[in-house]
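Trainee: I should like to learn how to read burial, salt bridges and cores in a protein model. May we work through an example together?

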Amino acid sequence: AVEIDPNSAVFRYKLGRAYLAAGRPDQAGEQATTALTLTGDPAQQAAIQTLIGDVARQRGDTPGATAAYNQALQLDPGQLSAQLGLGLVAVGQGNW
């Protein structure tokens, strides 16, 4: 799909999610960063920031994950995946 429409934030986001699920956080992060530049929609930006947080958390970058999840929640306070991500960061730090 990205080959058909390389300027689609949605396609880049979905490819990033697939890369993350496949254990390829570097590629997932690249797709998320690109997707973020392709949309001005706050809901899409929130979902992409959540993906960036998930990538950071998988890499063990707790401050980066926390920052990305908080940015997602600023864009969309109802972003449940970002709330979950913050919870997982807290559990990983023993703060539960």
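Trainee: Is Asp54 buried or exposed?

Mentor: Buried means under 20% relative accessible area, exposed over 50%, and partly exposed in between (1.4 Å probe, protein chains only). Asp54 has a relative accessible area of 12%, so Asp54 is buried. Please note that this is a predicted model, in which local features need pLDDT of at least 70 and side-chain atom pairs count only at pLDDT 80 or more, while totals for chains, interfaces and linings use all residues. Residues are numbered from 1 along each chain as its sequence is written, and side-chain values use heavy atoms, with hydrogens and water left out.

Trainee: With which residues does Asp54 form salt bridges?

Mentor: Side chains of opposite charge can pair when their charged atoms come close. A salt bridge requires a side-chain nitrogen of Lys or Arg within 4 Å of a carboxyl oxygen of Asp or Glu. Here Asp54 meets Arg17 at 2.8 Å, N to O, and Arg57 at 3.7 Å; Arg17, Asp54 and Arg57 are thus linked in a network. Arg17 is partly exposed, at 25%, as is Arg57, at 33%.

Trainee: Which residues make up the largest nonpolar core?

Mentor: In soluble globular proteins, nonpolar side chains tend to be buried together. A nonpolar core is a set of buried Ala, Val, Leu, Ile, Met, Phe, Trp, Tyr and Cys residues joined through side-chain atoms within 4.5 Å. The largest has nine residues: Ala9, Tyr19, Leu20, Ala28, Ala32, Ala35, Ile48, Leu51 and Val55. A second, separate core of eight residues includes Ala56, Ala65, Leu73 and Ala82.
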